[in-house]
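Me: I would like a close look at a single part of this model. Please take me through it step by step.

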Amino acid sequence: MSDGTSESSTGAFREAIDLVRETVGRLDDAWRQLVTSVQELIGRARLFLREDAVWSAVLRDLPGEVAEAIATIDGLLSRLRPGVDRILETLRTVVGRTAPMLAHASLAAERHAAVRWALAKSSAWAGNVAYAANLGHLGADLTGQFVEAAIEADRTTPGSLPTYAGSLRRLADRVDQSVRRTADWTAELQRLLSEAARVADLR
Amino acid sequence: MSSSAHAPRKADVPLDSDARLADARRFVSDVGSSLDHTQRISGPDRTGTAYAVVDSVGRFVDIGLRPGWWPALGPEGVAAGLLEALESARMKAALVPLIVRRNGRPPRSRSEPLDETLGLPPPGAADFLDAARGRIAEAYRLIDDAGQRMREQQTTRVITGPRGLFRLYVRGGRIESAEAGPQRPTATDTDRLVADARDTLTQLARESGGALEEWRR
(Lines give C-alpha, C1' and ligand atoms only; values in the text may rest on other atoms or scores of the structure.)
Protein backbone atom coordinates (compact mmCIF):
# COMPACT_ATOMS: atom_id res chain seq x y z
CA MET A 1 0.00 0.00 0.00
CA SER A 2 1.19 3.52 -0.76
CA ASP A 3 0.80 6.68 1.31
CA GLY A 4 -2.22 7.44 -0.85
CA THR A 5 -3.80 4.19 0.27
CA SER A 6 -3.11 5.07 3.89
CA GLU A 7 -4.87 8.42 3.45
CA SER A 8 -7.69 6.69 1.64
CA SER A 9 -8.08 4.22 4.54
CA THR A 10 -8.17 7.05 7.03
CA GLY A 11 -10.72 8.85 4.90
CA ALA A 12 -12.89 5.73 4.60
CA PHE A 13 -12.73 5.24 8.36
CA ARG A 14 -13.79 8.84 8.91
CA GLU A 15 -16.72 8.31 6.49
CA ALA A 16 -17.72 5.14 8.31
CA ILE A 17 -17.69 6.90 11.69
CA ASP A 18 -19.74 9.77 10.22
CA LEU A 19 -22.25 7.14 9.11
CA VAL A 20 -22.39 5.64 12.60
CA ARG A 21 -22.96 9.14 14.05
CA GLU A 22 -25.79 9.81 11.55
CA THR A 23 -27.32 6.40 12.23
CA VAL A 24 -27.59 6.97 15.98
CA GLY A 25 -29.99 9.89 15.55
CA ARG A 26 -32.06 8.22 12.83
CA LEU A 27 -32.33 4.94 14.71
CA ASP A 28 -33.49 6.76 17.83
CA ASP A 29 -36.15 8.67 15.83
CA ALA A 30 -37.39 5.51 14.11
CA TRP A 31 -37.59 3.65 17.42
CA ARG A 32 -39.67 6.45 18.99
CA GLN A 33 -41.97 6.38 15.96
CA LEU A 34 -42.37 2.63 16.25
CA VAL A 35 -43.26 2.88 19.93
CA THR A 36 -45.90 5.55 19.17
CA SER A 37 -47.44 3.53 16.33
CA VAL A 38 -47.55 0.32 18.36
CA GLN A 39 -49.13 2.09 21.33
CA GLU A 40 -51.77 3.57 19.00
CA LEU A 41 -52.40 0.11 17.57
CA ILE A 42 -52.91 -1.29 21.05
CA GLY A 43 -55.32 1.60 21.74
CA ARG A 44 -57.35 0.76 18.62
CA ALA A 45 -57.40 -2.92 19.54
CA ARG A 46 -58.70 -2.11 23.03
CA LEU A 47 -61.39 0.10 21.48
CA PHE A 48 -62.36 -2.80 19.22
CA LEU A 49 -62.68 -5.08 22.25
CA ARG A 50 -65.00 -2.57 23.91
CA GLU A 51 -67.16 -1.73 20.88
CA ASP A 52 -67.30 -4.77 18.59
CA ALA A 53 -70.56 -6.67 18.68
CA VAL A 54 -70.47 -8.35 15.26
CA TRP A 55 -67.32 -10.47 15.24
CA SER A 56 -67.37 -11.41 18.91
CA ALA A 57 -70.86 -12.81 18.30
CA VAL A 58 -69.60 -15.02 15.45
CA LEU A 59 -66.11 -15.91 16.69
CA ARG A 60 -66.44 -16.32 20.44
CA ASP A 61 -62.70 -16.74 20.97
CA LEU A 62 -61.77 -13.61 18.99
CA PRO A 63 -61.81 -11.22 21.98
CA GLY A 64 -59.51 -13.61 23.84
CA GLU A 65 -57.19 -13.84 20.83
CA VAL A 66 -57.05 -10.07 20.47
CA ALA A 67 -56.47 -9.58 24.20
CA GLU A 68 -53.69 -12.18 24.10
CA ALA A 69 -52.10 -10.49 21.07
CA ILE A 70 -52.23 -7.12 22.89
CA ALA A 71 -50.38 -8.66 25.84
CA THR A 72 -47.84 -10.29 23.49
CA ILE A 73 -47.20 -7.04 21.64
CA ASP A 74 -46.90 -5.13 24.90
CA GLY A 75 -44.39 -7.72 26.11
CA LEU A 76 -42.41 -7.56 22.87
CA LEU A 77 -42.17 -3.79 23.15
CA SER A 78 -40.72 -4.25 26.64
CA ARG A 79 -38.32 -6.88 25.28
CA LEU A 80 -37.21 -4.61 22.42
CA ARG A 81 -36.56 -1.52 24.53
CA PRO A 82 -33.39 -2.60 26.41
CA GLY A 83 -31.89 -4.09 23.25
CA VAL A 84 -32.44 -0.87 21.31
CA ASP A 85 -31.02 1.15 24.21
CA ARG A 86 -27.91 -1.03 24.24
CA ILE A 87 -27.38 -0.71 20.51
CA LEU A 88 -27.76 3.08 20.68
CA GLU A 89 -25.40 3.30 23.65
CA THR A 90 -22.81 1.13 21.89
CA LEU A 91 -22.96 3.19 18.70
CA ARG A 92 -22.63 6.44 20.67
CA THR A 93 -19.62 4.99 22.50
CA VAL A 94 -18.00 4.02 19.19
CA VAL A 95 -18.41 7.57 17.87
CA GLY A 96 -17.15 9.10 21.13
CA ARG A 97 -14.05 6.91 21.40
CA THR A 98 -12.94 6.90 17.79
CA ALA A 99 -13.03 10.66 17.19
CA PRO A 100 -9.93 11.48 19.32
CA MET A 101 -8.15 8.37 18.04
CA LEU A 102 -8.83 9.37 14.44
CA ALA A 103 -7.54 12.88 15.06
CA HIS A 104 -4.39 11.54 16.73
CA ALA A 105 -3.61 9.07 13.94
CA SER A 106 -4.22 11.64 11.21
CA LEU A 107 -1.95 14.16 12.90
CA ALA A 108 0.79 11.60 13.47
CA ALA A 109 0.58 10.40 9.86
CA GLU A 110 0.70 13.98 8.61
CA ARG A 111 3.90 14.72 10.54
CA HIS A 112 5.86 11.48 10.19
CA ALA A 113 6.52 9.46 7.08
CA ALA A 114 7.33 6.44 9.27
CA VAL A 115 3.85 6.56 10.76
CA ARG A 116 2.29 6.82 7.30
CA TRP A 117 4.27 3.80 6.23
CA ALA A 118 3.42 1.83 9.37
CA LEU A 119 -0.29 2.63 9.10
CA ALA A 120 -0.34 1.66 5.45
CA LYS A 121 1.29 -1.69 6.29
CA SER A 122 -1.02 -2.34 9.24
CA SER A 123 -4.17 -4.32 8.57
CA ALA A 124 -5.61 -2.84 11.78
CA TRP A 125 -6.61 0.38 10.07
CA ALA A 126 -8.48 -1.38 7.26
CA GLY A 127 -10.11 -3.64 9.85
CA ASN A 128 -11.35 -0.55 11.61
CA VAL A 129 -13.00 0.61 8.40
CA ALA A 130 -14.75 -2.74 7.98
CA TYR A 131 -16.14 -2.86 11.53
CA ALA A 132 -17.23 0.78 11.55
CA ALA A 133 -18.91 0.45 8.12
CA ASN A 134 -20.71 -2.67 9.28
CA LEU A 135 -21.87 -1.01 12.50
CA GLY A 136 -23.25 1.92 10.51
CA HIS A 137 -24.92 -0.41 8.04
CA LEU A 138 -26.50 -2.44 10.81
CA GLY A 139 -27.90 0.75 12.38
CA ALA A 140 -29.25 1.91 9.01
CA ASP A 141 -30.86 -1.45 8.34
CA LEU A 142 -32.54 -1.46 11.76
CA THR A 143 -33.77 2.09 11.15
CA GLY A 144 -35.53 0.89 8.01
CA GLN A 145 -36.97 -2.10 9.85
CA PHE A 146 -38.37 0.11 12.62
CA VAL A 147 -39.99 2.49 10.14
CA GLU A 148 -41.60 -0.39 8.24
CA ALA A 149 -42.83 -1.91 11.49
CA ALA A 150 -44.35 1.47 12.46
CA ILE A 151 -46.11 1.77 9.10
CA GLU A 152 -47.37 -1.79 9.40
CA ALA A 153 -48.70 -1.05 12.89
CA ASP A 154 -50.63 1.91 11.49
CA ARG A 155 -52.28 -0.34 8.91
CA THR A 156 -53.00 -3.30 11.14
CA THR A 157 -56.62 -4.12 11.93
CA PRO A 158 -57.61 -5.77 15.23
CA GLY A 159 -58.21 -9.02 13.34
CA SER A 160 -54.63 -9.15 12.14
CA LEU A 161 -53.15 -8.32 15.53
CA PRO A 162 -51.81 -11.88 16.03
CA THR A 163 -50.06 -11.62 12.64
CA TYR A 164 -48.54 -8.31 13.65
CA ALA A 165 -47.36 -9.88 16.90
CA GLY A 166 -45.53 -12.48 14.78
CA SER A 167 -43.85 -9.76 12.71
CA LEU A 168 -42.85 -7.87 15.85
CA ARG A 169 -41.42 -11.07 17.33
CA ARG A 170 -39.21 -11.48 14.26
CA LEU A 171 -38.10 -7.88 14.68
CA ALA A 172 -37.28 -8.52 18.34
CA ASP A 173 -35.20 -11.55 17.29
CA ARG A 174 -33.37 -9.35 14.82
CA VAL A 175 -32.70 -6.75 17.50
CA ASP A 176 -31.36 -9.44 19.85
CA GLN A 177 -29.07 -10.61 17.08
CA SER A 178 -28.01 -7.01 16.40
CA VAL A 179 -27.18 -6.47 20.08
CA ARG A 180 -24.78 -9.41 19.91
CA ARG A 181 -23.27 -8.23 16.64
CA THR A 182 -22.75 -4.64 17.76
CA ALA A 183 -21.08 -5.92 20.95
CA ASP A 184 -18.79 -8.29 19.02
CA TRP A 185 -17.91 -5.78 16.33
CA THR A 186 -17.30 -3.01 18.85
CA ALA A 187 -14.96 -5.24 20.86
CA GLU A 188 -13.01 -6.03 17.68
CA LEU A 189 -13.02 -2.38 16.69
CA GLN A 190 -11.57 -1.40 20.06
CA ARG A 191 -8.87 -4.05 19.78
CA LEU A 192 -7.88 -2.86 16.32
CA LEU A 193 -8.03 0.76 17.37
CA SER A 194 -5.54 0.02 20.15
CA GLU A 195 -3.29 -1.66 17.61
CA ALA A 196 -3.60 1.25 15.21
CA ALA A 197 -2.86 3.67 18.07
CA ARG A 198 0.29 1.71 18.87
CA VAL A 199 1.31 1.89 15.21
CA ALA A 200 0.58 5.62 15.07
CA ASP A 201 2.87 6.18 18.07
CA LEU A 202 5.84 4.66 16.15
CA ARG A 203 8.38 7.25 15.13
CA MET B 1 -59.73 3.44 10.08
CA SER B 2 -61.11 5.57 12.85
CA SER B 3 -63.63 8.29 13.39
CA SER B 4 -62.48 11.89 13.31
CA ALA B 5 -63.81 15.39 12.74
CA HIS B 6 -64.22 14.48 9.05
CA ALA B 7 -66.12 11.25 9.68
CA PRO B 8 -69.78 11.41 8.69
CA ARG B 9 -72.32 9.71 10.93
CA LYS B 10 -72.85 5.95 10.69
CA ALA B 11 -76.31 4.55 10.01
CA ASP B 12 -78.22 3.50 13.11
CA VAL B 13 -78.93 -0.21 12.64
CA PRO B 14 -79.77 -2.68 15.46
CA LEU B 15 -77.38 -5.65 15.72
CA ASP B 16 -80.06 -8.13 14.62
CA SER B 17 -80.44 -6.28 11.34
CA ASP B 18 -76.74 -5.53 10.90
CA ALA B 19 -75.76 -6.88 7.46
CA ARG B 20 -72.23 -7.52 8.74
CA LEU B 21 -73.47 -10.10 11.25
CA ALA B 22 -75.14 -12.39 8.69
CA ASP B 23 -72.22 -11.87 6.33
CA ALA B 24 -69.72 -12.78 9.07
CA ARG B 25 -71.62 -15.97 9.87
CA ARG B 26 -71.66 -16.99 6.21
CA PHE B 27 -67.98 -16.21 5.87
CA VAL B 28 -66.92 -18.28 8.88
CA SER B 29 -68.91 -21.19 7.51
CA ASP B 30 -67.46 -20.76 3.99
CA VAL B 31 -63.85 -20.52 5.16
CA GLY B 32 -64.43 -23.64 7.21
CA SER B 33 -65.52 -25.56 4.11
CA SER B 34 -63.24 -24.12 1.43
CA LEU B 35 -60.18 -21.90 1.44
CA ASP B 36 -60.55 -21.08 -2.25
CA HIS B 37 -63.28 -18.58 -1.43
CA THR B 38 -60.78 -16.34 0.30
CA GLN B 39 -58.87 -15.13 -2.75
CA ARG B 40 -61.31 -12.22 -3.21
CA ILE B 41 -63.11 -11.20 -0.06
CA SER B 42 -66.06 -8.83 0.01
CA GLY B 43 -67.51 -7.08 3.03
CA PRO B 44 -70.67 -5.03 3.58
CA ASP B 45 -71.42 -2.04 5.75
CA ARG B 46 -74.05 -2.43 8.45
CA THR B 47 -76.90 -1.47 6.06
CA GLY B 48 -75.76 -3.91 3.36
CA THR B 49 -75.95 -1.18 0.72
CA ALA B 50 -72.19 -0.51 0.55
CA TYR B 51 -69.64 -3.19 -0.19
CA ALA B 52 -65.89 -3.48 -0.65
CA VAL B 53 -63.64 -6.21 -2.05
CA VAL B 54 -60.07 -6.94 -0.94
CA ASP B 55 -57.57 -9.68 -1.72
CA SER B 56 -56.51 -12.37 0.72
CA VAL B 57 -54.06 -10.04 2.50
CA GLY B 58 -56.51 -7.14 2.71
CA ARG B 59 -55.34 -5.05 -0.24
CA PHE B 60 -58.05 -2.97 -1.87
CA VAL B 61 -59.63 -4.45 -5.00
CA ASP B 62 -63.00 -2.76 -5.50
CA ILE B 63 -65.80 -0.86 -3.82
CA GLY B 64 -69.44 -0.25 -4.68
CA LEU B 65 -72.97 0.73 -3.71
CA ARG B 66 -76.12 -1.36 -4.04
CA PRO B 67 -79.63 -0.12 -4.79
CA GLY B 68 -81.16 1.43 -1.69
CA TRP B 69 -78.00 3.20 -0.53
CA TRP B 70 -79.59 6.64 -0.76
CA PRO B 71 -82.38 6.03 1.80
CA ALA B 72 -80.10 3.82 3.95
CA LEU B 73 -77.02 6.05 4.03
CA GLY B 74 -77.77 9.31 2.23
CA PRO B 75 -75.12 11.86 1.34
CA GLU B 76 -74.08 12.25 4.99
CA GLY B 77 -73.53 8.56 5.66
CA VAL B 78 -72.31 7.16 2.35
CA ALA B 79 -68.58 7.77 2.94
CA ALA B 80 -68.73 6.16 6.38
CA GLY B 81 -70.68 3.26 4.87
CA LEU B 82 -68.07 2.69 2.19
CA LEU B 83 -65.24 2.78 4.73
CA GLU B 84 -67.14 0.45 7.05
CA ALA B 85 -67.53 -1.99 4.16
CA LEU B 86 -63.80 -1.80 3.48
CA GLU B 87 -63.11 -2.34 7.16
CA SER B 88 -65.42 -5.41 7.15
CA ALA B 89 -63.68 -6.90 4.13
CA ARG B 90 -60.25 -6.32 5.65
CA MET B 91 -61.37 -7.77 8.96
CA LYS B 92 -62.54 -10.91 7.17
CA ALA B 93 -59.23 -11.23 5.32
CA ALA B 94 -57.35 -10.76 8.58
CA LEU B 95 -59.41 -13.41 10.36
CA VAL B 96 -58.83 -16.20 7.83
CA PRO B 97 -55.74 -17.56 9.68
CA LEU B 98 -57.67 -17.60 12.95
CA ILE B 99 -60.64 -19.42 11.41
CA VAL B 100 -58.36 -21.88 9.63
CA ARG B 101 -56.54 -22.57 12.89
CA ARG B 102 -59.85 -23.20 14.66
CA ASN B 103 -60.62 -25.73 11.97
CA GLY B 104 -57.40 -27.53 12.64
CA ARG B 105 -55.49 -26.58 9.49
CA PRO B 106 -51.95 -25.40 9.95
CA PRO B 107 -51.23 -21.73 9.19
CA ARG B 108 -48.93 -20.93 6.29
CA SER B 109 -45.36 -20.87 7.49
CA ARG B 110 -43.14 -17.90 6.77
CA SER B 111 -39.47 -17.82 6.06
CA GLU B 112 -37.27 -16.27 8.73
CA PRO B 113 -35.48 -13.23 7.33
CA LEU B 114 -32.85 -13.17 10.02
CA ASP B 115 -29.71 -13.81 8.03
CA GLU B 116 -27.94 -10.57 7.24
CA THR B 117 -24.35 -11.39 6.46
CA LEU B 118 -22.36 -8.21 6.26
CA GLY B 119 -19.16 -9.59 4.83
CA LEU B 120 -16.62 -7.37 3.11
CA PRO B 121 -13.55 -8.56 1.22
CA PRO B 122 -10.49 -9.11 3.46
CA PRO B 123 -8.80 -5.81 4.46
CA GLY B 124 -5.76 -6.60 2.30
CA ALA B 125 -7.81 -7.12 -0.87
CA ALA B 126 -7.49 -4.65 -3.72
CA ASP B 127 -11.23 -3.96 -3.79
CA PHE B 128 -11.59 -3.66 -0.02
CA LEU B 129 -11.91 0.12 0.23
CA ASP B 130 -14.34 0.31 -2.70
CA ALA B 131 -16.47 -2.38 -1.07
CA ALA B 132 -16.38 -0.57 2.29
CA ARG B 133 -17.39 2.71 0.65
CA GLY B 134 -20.14 0.83 -1.21
CA ARG B 135 -21.41 -0.48 2.13
CA ILE B 136 -21.41 3.04 3.55
CA ALA B 137 -23.28 4.43 0.51
CA GLU B 138 -25.85 1.65 0.73
CA ALA B 139 -26.40 2.43 4.42
CA TYR B 140 -27.04 6.10 3.59
CA ARG B 141 -29.59 5.03 0.98
CA LEU B 142 -31.36 2.91 3.61
CA ILE B 143 -31.37 5.83 6.05
CA ASP B 144 -32.68 8.29 3.44
CA ASP B 145 -35.41 5.92 2.35
CA ALA B 146 -36.46 5.29 5.96
CA GLY B 147 -36.45 9.02 6.66
CA GLN B 148 -38.68 9.70 3.67
CA ARG B 149 -41.13 6.97 4.64
CA MET B 150 -41.20 8.23 8.22
CA ARG B 151 -42.03 11.77 7.06
CA GLU B 152 -44.79 10.39 4.82
CA GLN B 153 -46.14 8.38 7.74
CA GLN B 154 -46.39 11.47 9.92
CA THR B 155 -48.05 13.61 7.25
CA THR B 156 -51.82 13.85 7.05
CA ARG B 157 -53.13 14.50 3.57
CA VAL B 158 -56.33 14.45 1.57
CA ILE B 159 -56.88 12.36 -1.58
CA THR B 160 -59.81 13.79 -3.53
CA GLY B 161 -61.51 11.92 -6.35
CA PRO B 162 -61.34 13.54 -9.82
CA ARG B 163 -65.12 14.07 -9.84
CA GLY B 164 -65.08 15.89 -6.51
CA LEU B 165 -67.55 13.53 -4.85
CA PHE B 166 -65.37 11.54 -2.46
CA ARG B 167 -62.24 12.24 -0.46
CA LEU B 168 -60.03 10.31 1.90
CA TYR B 169 -58.09 11.67 4.86
CA VAL B 170 -54.91 9.65 5.12
CA ARG B 171 -51.95 9.56 7.50
CA GLY B 172 -49.13 7.56 5.99
CA GLY B 173 -50.90 4.62 4.38
CA ARG B 174 -53.68 4.58 6.97
CA ILE B 175 -57.18 5.89 6.30
CA GLU B 176 -58.19 8.23 9.10
CA SER B 177 -61.62 9.03 7.66
CA ALA B 178 -63.57 9.79 4.49
CA GLU B 179 -66.34 12.10 3.39
CA ALA B 180 -68.55 12.74 0.42
CA GLY B 181 -67.44 15.99 -1.12
CA PRO B 182 -66.46 18.67 -1.79
CA GLN B 183 -69.49 18.43 -4.10
CA ARG B 184 -72.58 17.04 -2.44
CA PRO B 185 -73.67 13.80 -4.17
CA THR B 186 -77.28 13.26 -5.22
CA ALA B 187 -79.27 10.04 -5.53
CA THR B 188 -78.41 9.87 -9.24
CA ASP B 189 -74.65 10.17 -8.67
CA THR B 190 -74.15 6.51 -7.74
CA ASP B 191 -71.78 5.58 -10.56
CA ARG B 192 -69.73 8.78 -10.33
CA LEU B 193 -69.52 8.57 -6.54
CA VAL B 194 -68.39 4.94 -6.63
CA ALA B 195 -65.87 5.73 -9.38
CA ASP B 196 -64.43 8.50 -7.22
CA ALA B 197 -64.19 6.23 -4.17
CA ARG B 198 -62.55 3.54 -6.31
CA ASP B 199 -60.05 6.01 -7.75
CA THR B 200 -58.99 7.41 -4.38
CA LEU B 201 -58.60 3.97 -2.81
CA THR B 202 -56.71 2.66 -5.84
CA GLN B 203 -54.36 5.63 -5.63
CA LEU B 204 -53.76 4.98 -1.94
CA ALA B 205 -53.18 1.26 -2.55
CA ARG B 206 -50.71 2.03 -5.34
CA GLU B 207 -48.76 4.45 -3.14
CA SER B 208 -48.72 2.06 -0.19
CA GLY B 209 -47.36 -1.05 -1.95
CA GLY B 210 -43.81 -2.33 -2.15
CA ALA B 211 -41.59 -1.86 0.86
CA LEU B 212 -44.23 -2.95 3.34
CA GLU B 213 -44.48 -6.32 1.66
CA GLU B 214 -40.71 -6.67 2.10
CA TRP B 215 -41.06 -6.29 5.84
CA ARG B 216 -43.96 -8.75 5.99
CA ARG B 217 -41.85 -11.42 4.30
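Reply: Start with helix 5 of chain B, residues 190-208. In this predicted model, that helix lies across strand 4, strand 5 and strand 6 of chain B. Its direction makes an angle of about 25° with strand 5 of chain B.

Now look at the sheet itself. Its 3 strands are ordered 4-5-6, and the sheet is open. The pairing is antiparallel. Strand 4 (156-160) and strand 6 (174-180) of chain B are the edge strands, each pairing on one side only. On average, neighbouring strands of this sheet are turned by 20° against each other, direction ignored.

Next, follow one pairing. Strand 5 of chain B covers residues 166-171, and 6 bridges join this strand to strand 6 of chain B. Take F166(B): its bridge partner in strand 6 of chain B is A180(B).

Chain B also touches chain A. The contact takes 51 residues from chain B and 66 residues from chain A. W55(A), R155(A) and R170(A) lose the most area to chain B on the chain A side, together 13% of what that side buries. The area buried between the two chains is about 5,300 Å². Carbon and sulfur atoms give 63% of that area.

Polar links cross this interface too. There are 3 salt bridges between chain A and chain B. In a salt bridge of 3.0 Å, N to O, the side chain of R133(B) meets that of E15(A). Residue pairs in polar contact between the chains number 12, with both residues at pLDDT 80 or more. On the side of chain A that touches chain B, helix 5 of chain A gives the largest share, 23 residues. By class, that side has 26 nonpolar, 22 polar and 18 charged residues.

Notes:
Residues numbered from 1 in each chain as written. Chains lettered and ligands numbered in written order. Predicted model: local features only at pLDDT ≥ 70, side-chain atom pairs only at ≥ 80, totals over all residues. Heavy atoms only, no water. Contact = heavy atoms within 4.5 Å. Buried area = accessible area lost by both parts, 1.4 Å probe. Salt bridge = Lys/Arg side-chain N within 4 Å of Asp/Glu carboxyl O. Polar contact = N/O pair within 3.5 Å; in protein donor to acceptor, adjacent residues only side chain to side chain. Helix = DSSP H or I, 4+ residues; strand = E, 2+ residues; numbered from the N terminus. Nonpolar A, V, L, I, M, F, W, Y, C, P; charged D, E, K, R; others polar. Pairing = 2+ DSSP bridges. Axes fitted to C-alpha atoms, helices over the stretch in contact; angles between N-to-C directions.
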